[in-house]
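The paragraphs below lead through one structure, beginning with a single residue and its surroundings and then turning to the chain that holds it.

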Amino acid sequence: MSSIYFLGIGGTAMASVAVALSHSGHAVSGSDSALYPPMSTYLETHNIRYFNGYSEKNIIRALPDLVVVGNAVSRGNCELEYALEHRIELISMPELVRRELIAGNTSLVVTGTHGKTTTTSLLAWLLDNGGLKPGFLVGGIPENFSMGCRASGMQEQGFFVTEGDEYDTAFFDKRSKFMLYRPDIAIINNIEFDHADIFDSFEDILRSFRRFVNLIPRNGMLFVNGDDPAACGVSEGAFCPVERFGFGENCEWTARDISGDVERTTFTICYRGKQEATLSVPLFGNYNIMNTLAAVAAARHAGLGMESVAHALPLFRRPRRRMEITGGLQSGVTLIEDFAHHPTAVRATLEAVAGLYRERRIIACFEPRSNTTTRNIFQQELAASFGPASVVVMGKVHRPERYAADRQLDMPRLGRELQEQGKTVFLAGSDPENYPQDIVGFLGTAIRKNDVVVLMSNGSFNNLKSLFLDNFG
């Protein structure tokens with residue numbers, strides 16, 4: 001076993017992989033610019049030594065055989081410069097995962113712009129409940145496992161399920177992460193433009209997905225969203241069999257007779273037009289039916305029977321911050337937190353909430369934080385994505401100084417367009433010293449009993465959820 005040092009260990013995936021490799025017997029340590037809960041607590045719980053802040057002294061103390069370089073780490077980092085000067089072996093996290101965790105296992109890779117975390121968590125749970133003891137890497141914390149990564153539990157060839165991100169790998173490897181995961185069974189949930197900081201165009205993203213498809217062996221399998229033209233398009237070059245999931249008539253895997261409530265969604269799953277089973281899953285919205293279809297199709301191809309699938313689905317627990325519902329508050333309000341950070345995801349989340357809580361008013365709080373939504377690339381699409389919400393709170397744009405004024409998301413314009421739709425709008429952050437307390441103050445005047453408040457961000461939203469619960473819990 002080797003000594004492995006994680007440079008940028010505070011990221012969810014980096015910390016999860018660090019813990020998994022520690023459990024496999026490696027000596028693991030690492031550092032990050034600023035570590036805080038929950039990841040600092042997660043590392044401490046698993047006895048992972050870490051340094052808060054970067055210093056050459058950290059890496060000298062650790063004496064690693066191998067340095068894992070996170071994709072947020074770039075040249076100029078003092079620890080990276082030390083490792084380069086002293087010829088310590090460098091590796092990216094995806095390459096390490098392939099080498100140490102995927103290895104000889106059957107590799108199942110879940111890709112797509114939206115739904116990766118939920119689909120990966122669900123697929124791993126189906127295999128685990130079916131006795132296949134899969135390893136997995138999820139870009140969140142799946143509640144069924146309370147860890148984001150683990151090795152396969154099989155002595156011989158087992159299964160490893162990976163959330164395949166299209167983001168780049170490391171400063172020395174600009175391929176999409178999913179190119180490193182050697183797919184045998186793959187899922188493409190959907191494809192849209194995102195990650196404007198590394199992709200110049202939608203065509204660039206399509207090219208990366210085509211290269212991914214080209215990695216699947218002839219005896220592998222690709223499951224693709226049959227209702228998404230872009231996803232279907234990149235699958236046309238596959239050398240392996242391809243099956244589609246969705247609501248369209250051309251899909252092999254479809255859902256019929258859909259019904260649901262605040263506890264679960266129930267539907268009949270059909271394969272090539274034949275009814276297979278009635279399934280019940282604690283997920284909501286058509287997009288989560290699509291996620292479930294994809295996971296079930298992949299699990300069946302991996303060898304699970306439909307009876308095992310039907311038994312496992314009701315026991316699935318959603319990953320944290322994926323339609324995470326907090327009810328029973330003294331204010332009479334229901335709070336929902338979701339990771340939605342793209343106009344399509346915002347729209348799908350709010351439509352799912354509207355379907356769950358009919359006749360209840362929705363207050364949507366959105367933080368423009370990703371490298372795509374902080375720019376004006378989706379200016380029009382974002383204005384059109386809040387349909388079910390009566391009240392919209394827009395958090396301040398995250399680090400707007402990165403872009404010229406003519407490339408930034410135009411918040412006043414967005415506010416006007418939302419008001420023209422008849423919505424009450426609050427643009428937060430005019431006083432940075434009073435943010436996000438200004439949101440709490442506005443909500444104090446706007447909230448009514450029985451409202452549903454939805455927090456949407458791919459970051460912390462400046463701890464807005466805790467502030468909300470302190471004031472309205």
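**From one serine to the whole chain**

Ser 208 lies in helix α7, the element that runs over residues 202-213. In this predicted model, the residue has a relative accessible area of 8%, and because burial is assigned under 20%, Ser 208 counts as buried. Once the neighbours within four places in sequence are left aside, the residues in contact with Ser 208 are Ser 176, Phe 178, Met 179 and Phe 199.

Beyond this residue, the chain as a whole contains 15 helices and 23 strands. Its radius of gyration is 22 Å, close to the 23 Å that the globule rule gives for 473 residues, so the chain is as compact as a globular protein of that length. Taken along the principal axes, the box that the C-alpha atoms fill is roughly 60 × 60 × 45 Å.

The burial found for Ser 208 can be set beside the figure for the chain, in which 58% of the 473 residues are buried. Contacts can be viewed in the same way: of those in the chain with a separation of 6 or more, 65% are made by residues 24 or more positions apart.

What remains is the surface and the charges. The accessible surface of the chain comes to about 19500 Å², and carbon and sulfur atoms contribute 46% of that area. The chain carries 45 positive and 53 negative charges, and the mean positions of these two sets are 2 Å apart.

Technical notes: Residues numbered from 1 in each chain as written. Predicted model: local features only at pLDDT ≥ 70, side-chain atom pairs only at ≥ 80, totals over all residues. Heavy atoms only, no water. Helix = DSSP H or I, 4+ residues; strand = E, 2+ residues; numbered from the N terminus. Rg over C-alpha atoms; globule rule 2.2 N^0.38 Å. Buried < 20%, exposed > 50% of the residue type's maximum accessible area, 1.4 Å probe, protein only. Contact = heavy atoms within 4.5 Å. Areas by Shrake-Rupley, 256 points an atom, 1.4 Å probe, with all protein chains shown as cover. Lys, Arg positive; Asp, Glu negative; His and termini not counted. Charge placed at Lys NZ, Arg CZ, Asp CG, Glu CD.
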